[in-house]
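Biologist: Let's go through the labels on this model. I want the reasoning behind each one.

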Amino acid sequence: MSENATSDQHMYDVAIVGYGPVGAALAILLAQRGHSVVVLERHAQPYTLPRAVHFDHEVGRILQACGLGEHLSGLTEPLRTYEWRNAAGQTLLLFTNDGTSISGWPASSMFSQPELEALLETTVRSHPTVEVRRGVEVNGLIDRGSTVALSTTAGAITARYVVGCDGANSTVRDLIGATVTDLGYFYDWLIVDVIFDETREFNGTNLQICDPARPTTVISGGPGRHRWEFMRLPDEPAEVLASEDCAWRLLAPFDATPQNCRIERHAIYRFQARWVDEWSRGHVALAGDAAHQMPPFAGQGMCSGLRDAANLAWKLDLLLRGVAGDSLLDTYTLERAANVRAIIQFSMALGEVICVPDPVAAAARDEAMLAAGGQARPPEAAPGIVDGLIAAGDPEAGNLFVQGRIGQQRFDDVHGAGWRLVSMHPIVLQPALAELFDRLGGQVVHITAADDTDATYASWFAMAGVTVALQRPDFYLYGAGDDADALVGQVIERLAVSL
C-alpha cells in the first residue's frame with residue numbers, strides 16, 4: 001500500500017471517502033476479495049484520542065473476518081454488567097450477561113478506538129490492492145452511470161463505485177443530495193476519558209447514574225482506561241461545562257484527581273438521532289456516521305457502521321465481478337435502514353430514562369423502576385434483516401447465524417466468511433447449482449458431531465427443526481430448511497447468477 005501518492009487516472013474498483021473504522025474495515029473486506037481500493041482521508045494524520053468504546057459480538061465477528069481475531073482479546077475487556085442507579089444509589093436496572101453469544105465473541109466488549117484503528121491500519125497495509133491517500137479532500141462528484149468521477153484537492157480520481165464513510169458532516173452525502181430524517185433529539189454531554197496512574201477497581205464498572213442533579217455515565221474505556229459522561233443541564237453554558245476545571249470538579253466525587261490520573265480527552269458531544277433516506281444512489285453509497293447518527297446509550301454507533309461495511313462488501317464484490325446486477329445495491333437500504341431505525345429508537349428510549357433533570361419526574365421514574373424489580377437481561381436492540389435478500393416466510397431468514405468451535409478454532413477461521421451452506425448431514429448439490437454456487441463464492445460445509453466441539457451446531461439445528469442453513473457473507477441467514485437445492489436455487493435465481 002502506498003500513502004499520499006500523487007493523483008492519476010487509474011480506474012479503481014472502489015473509492016472510499018473516510019478512513020475511520022468503517023472505511024478501514026470496508027477496504028479490508030474488499031481487498032480480501034481481490035478488488036482495488038483507494039481510501040481518501042482529509043486528515044493528514046490519524047486521530048489518536050478515544051471516541052467509540054464499545055462493540056458487540058456481531059462486530060467482534062466482523063473484525064474477525066477482517067483478520068483481527070487473534071488480536072482483539074488484548075485490546076478489549078468484556079462488559080459483564082451494566083447497572084442503572086438513582087441518586088440514592090439504589091439499583092433501578094441491572095443488565096447482566098455471562099459473556100457468551102451466538103457469534104462466538106463476548107456479548108459486549110469495551111475498547112480504545114485508537115488501538116483498534118492501529119490494528120485496522122496494520123491490516124490495511126498488508127493488502128497491496130489498497131492505496132490510502134491522507135490529507136486529500138473530496139470537493140466534487142459525478143456519477144457517470146458505470147463509473148464515478150471524484151474531484152479532490154489532489155486531482156481527479158475515477159472508480160466504479162464510491163462509498164462515503166466520511167462522518168456526520170459527510171461531503172459525499174451532500175454531493176449526492178441525500179435527504180436526512182432528523183428526529184430532533186438533542187442532548188449535550190461532556191465526555192471525559194481518564195487514565196489512572198495505577199490499577200483502579202470500580203464497584204460496578206459500567207454505570208448509568210440517573211441523578212437529576214447531573215445524569216452521569218461511568219464506563220470502561222478499554223483496558224487501563226475509564227470514561228465519564230456528564231449531561232449538560234438546562235441553561236448551563238456549554239463553554240463552562242467544556243472547561244478542564246469543570247471536568248476535574250465533576251470527577252472529584254469519584255476520587256479521580258490530578259494526583260492519581262490524567263485526562264486523556266475531554267469534549268462536548270451533541271447526541272443526535274437521524275438517518276439518510278437513501279443509503280445508495282447509482283454507484284454511490286453511504287456508510288457509518290455519514291448514513292446515521294444515534295445517541296450512545298446502547299453503544300451501537302460504530303457497531304452500526306461496521307454492519308454497514310459487512311453488508312456492502314459482499315454486494316460490491318458481486319457487482320464488481322459481474323455476478324449480480326445493479327439492483328442488488330437497492331437491498332442495502334432495505335436491509336440496513338430498518339435495523340438502524342430500530343437501534344436509534346431503542347437508544348432514544350434508553351436516553352428518555354437517563355436524561356431526566358427534573359427531580360419530580362426522576363422520582364416517579366425511580367418509583368416505577370424499583371417496583372418493577374430492576375433485574376433484566378439486555379433486550380435485543382434491533383431486528384436483524386426484515387426485508388431484502390432473504391427467504392420470504394422463513395422464520396430463520398434474516399437472523400444472525402451461530403459461530404461455534406470446529407475443533408479448537410472458530411468456524412470462520414476454518415471455513416472463511418462467505419455464502420456457506422451448512423449442515424450436519426452430507427450434502428451434494430445438483431451439478432449445475434453447485435457450479436453457480438461456486439461462482440457466487442459459496443461453499444458447502446458438512447459439520448460432523450466430532451467437529452462440533454461445543455455442540456453449537458447440533459443445538460441450533462435441533463432448536464430450529466431444520467437440517468440445512470444458508471448463511472450469507474455478512475453472517476445473516478438467507479434461510480434454513482431441509483432442501484439444500486431449493487435454498488441455493490432461490491439465491492441463484494434472485495441474484496440472476498449465470499456462468
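**Helix packing and burial**

Modeller: This is a predicted model. Start with the contact: E58, V59, I62 and L63 of α2 meet C303, L306, R307 and A310 of α8. By class, six of the residues in this contact are nonpolar, none is polar and two are charged.

Biologist: What makes α2 oblique to α8?

Modeller: The axes of α2 and α8 come within 10 Å and cross at roughly 45°. Roughly parallel needs an angle under 35 degrees, and roughly perpendicular runs from 65 to 115. The crossing angle is in neither range, so α2 is oblique to α8. The crossing is left-handed.

Biologist: How do you know that α2 is mostly covered?

Modeller: Buried means under 20% relative accessible area. Eight of the nine residues in α2 (residues 57–65) are buried. They are H57, E58, V59, G60, R61, I62, L63 and Q64.

Biologist: What is found at the start of α2, and what just after α2?

Modeller: At the start, a side-chain oxygen of D56 reaches to within 3.2 Å of the backbone nitrogen of E58. Just after α2, G67 takes a positive phi of about 95°.

Biologist: Now E229, in strand β16 (residues 225–231). Why is E229 called buried?

Modeller: The relative accessible area of E229 is 7%. The cut-off for buried is under 20%, so E229 is buried.

Biologist: Which residues is E229 in contact with, leaving aside neighbours within four places in sequence?

Modeller: W189, L190, I191, P215, T216, T217, I219 and F271.

Definitions and conventions: Residues are numbered from 1 along each chain as its sequence is written. This is a predicted model: local features need pLDDT of at least 70, side-chain atom pairs count only at pLDDT 80 or more; totals for chains, interfaces and linings use all residues. Side-chain values use heavy atoms; hydrogens and water are left out. Buried means under 20% relative accessible area, exposed over 50%, partly exposed in between (1.4 Å probe, protein chains only). Helices (H or I, at least four residues) and strands (E, at least two) are DSSP runs, numbered from the N terminus. A polar contact is a pair of N or O atoms within 3.5 Å; within protein, one must be able to donate a hydrogen and the other to accept it, and residues adjacent in sequence count only if both atoms are side-chain atoms. Contact means heavy atoms within 4.5 Å. Axes are lines fitted to C-alpha atoms, for helices over the stretch in contact, and angles run from 0 to 180 degrees between N-to-C directions. Angles under 35 degrees count as roughly parallel, over 145 as roughly antiparallel, 65 to 115 as roughly perpendicular and the rest as oblique. A crossing is left-handed if the near helix is turned anticlockwise from the far one by less than a right angle, and right-handed if clockwise. Ala, Val, Leu, Ile, Met, Phe, Trp, Tyr, Cys and Pro count as nonpolar, Asp, Glu, Lys and Arg as charged, and the others, Gly among them, as polar.
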